[in-house]
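User: I am in my first year and would like a close look at one part of this protein. Please take the aromatic rings and how they pair, and then show me how packed helices are described.

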Amino acid sequence: METSTIGYAPSTGADILHDVKVNMDRNGNLPYPRFMEMLRLEDRNFLLTRSVAKCLAKNQALYLQGDRSENLFIVLRGTVKVHYIHDNGSSLTTSYCREGMLVGAHGCTRWAGNHCWSAQALEDSRVLWIGREQLVELTERSAHALRCVLAIAEFKAEQLKKVIQILAETTVERRIALALRHLGALYGIDRGEEIEIDGRLTHQEIAEMIGASRQSVTTLLTGLEKAGEIRREGRRLFIPCNPTAGRLADPPLRTSERH
């Protein structure tokens, strides 16, 4: 465990340059908001002096569904998978949290209750533990910090809607197409005409995201590769930046959607 020794000082006024940077990030310079970077220095220091950094080994649980929701977590290094575990032991993934992302954002208030998902490290990771009481105290002190919390909550709600849209598709083929675009938008690396999705996500992990078997995902990825719609180098996937045709492209609007 590690704790920070940085002190806390109250804000003396508006930080205009910081606000400009945060607005630029929201407008697309970053694929996802990084909570600690969004905070002003004094607010960030306030949390660091009251938080604990912990290391998780690969596959170690951060929390389990049913556990009391009393902390929020910032991924400092590695990847944390948030997923729902069914009674039969199968898993359905809702998100993969990378460096800078907030995990457990629904635990911000006293109405949080218990975790409805489980979270575990996909690789050796380091996570900052923030107590709910400390976060609430910060939002009471700083209106800017409260706006950051609301922005994170809105972002996570949007991502959950995308996951629901993926699962609502009636065919596995369409679900995997949407999942690849979703993963590319969040974690992809711009390679010019292509977006690279790195190899940290296995076929099994993609399968758990779309509610399919690993064999189905492998078969569909092979078919997309043979059709020239994606490219693979080892475990890395490359998808077109703006697919206009094929299975990765947006389907034509139905008549009911045109009005």
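Analyst: What follows goes through the aromatic pairs and then two helix contacts. The model is predicted, and the values below are computed from it.

Start with the rings. Across the whole structure, a search turns up four aromatic pairs. One of them joins Phe 73 and Trp 129: the ring centres are 4.9 Å apart and the planes stand at 90°, so this pair is edge-to-face. The cut-off behind that word is an angle over 60 degrees between the planes. Phe 73 belongs to strand 3 (residues 71–77) and Trp 129 to strand 8 (residues 125–131), so the pair links distant parts of the chain, 56 residues apart. Phe 73 has a relative accessibility of 2% and therefore counts as buried, since the limit for buried is under 20%. Trp 129, at 21%, counts as partly exposed. Ring pairs also bring in Tyr 63, which forms a cluster with Phe 73 and Trp 129.

Another pair is made by Tyr 84 and Trp 117. Their centres are 6.4 Å apart with 85° between the planes, again edge-to-face. Tyr 84 sits in strand 4 (residues 80–85), while Trp 117 is in the loop between strand 6 (102–103) and strand 7 (118–121), so the pair ties together parts that are 33 residues apart in sequence. Tyr 84 is partly exposed at 33% relative accessible area, and Trp 117 is partly exposed at 25%.

Now the helices. Two packed helices are described by the angle between their axes and the distance between the axes.

The axes of helix 3 (residues 41–48) and helix 4 (residues 132–141) come within 10 Å and cross at roughly 155°. That angle makes helix 3 roughly antiparallel to helix 4, because angles over 145 degrees are classed that way. The crossing is right-handed. Helix 3 contributes Asp 43, Phe 46 and Leu 47 to the contact, and helix 4 contributes Gln 134, Leu 135, Glu 137, Leu 138 and Arg 141. By class, four of these residues are nonpolar, one is polar and three are charged.

Helix 7 (residues 203–210) and helix 8 (residues 214–226) have axes 8 Å apart and pack at an angle of about 105°, which means that helix 7 is roughly perpendicular to helix 8. On helix 7 the contact residues are His 203, Gln 204, Ile 206, Ala 207 and Ile 210; on helix 8 they are Arg 214, Val 217, Thr 218 and Leu 221. This contact has five nonpolar, three polar and one charged residues.

Terms used
Residues numbered from 1 in each chain as written. Predicted model: local features only at pLDDT ≥ 70, side-chain atom pairs only at ≥ 80, totals over all residues. Heavy atoms only, no water. Axes fitted to C-alpha atoms, helices over the stretch in contact; angles between N-to-C directions. Helix = DSSP H or I, 4+ residues; strand = E, 2+ residues; numbered from the N terminus. Parallel < 35°, antiparallel > 145°, perpendicular 65-115°, else oblique. Left-handed = near helix turned anticlockwise from the far one by under 90°. Contact = heavy atoms within 4.5 Å. Nonpolar A, V, L, I, M, F, W, Y, C, P; charged D, E, K, R; others polar. Phe/Tyr/Trp six-rings, centres within 6.5 Å; stacked < 30°, edge-to-face > 60°. Buried < 20%, exposed > 50% of the residue type's maximum accessible area, 1.4 Å probe, protein only.
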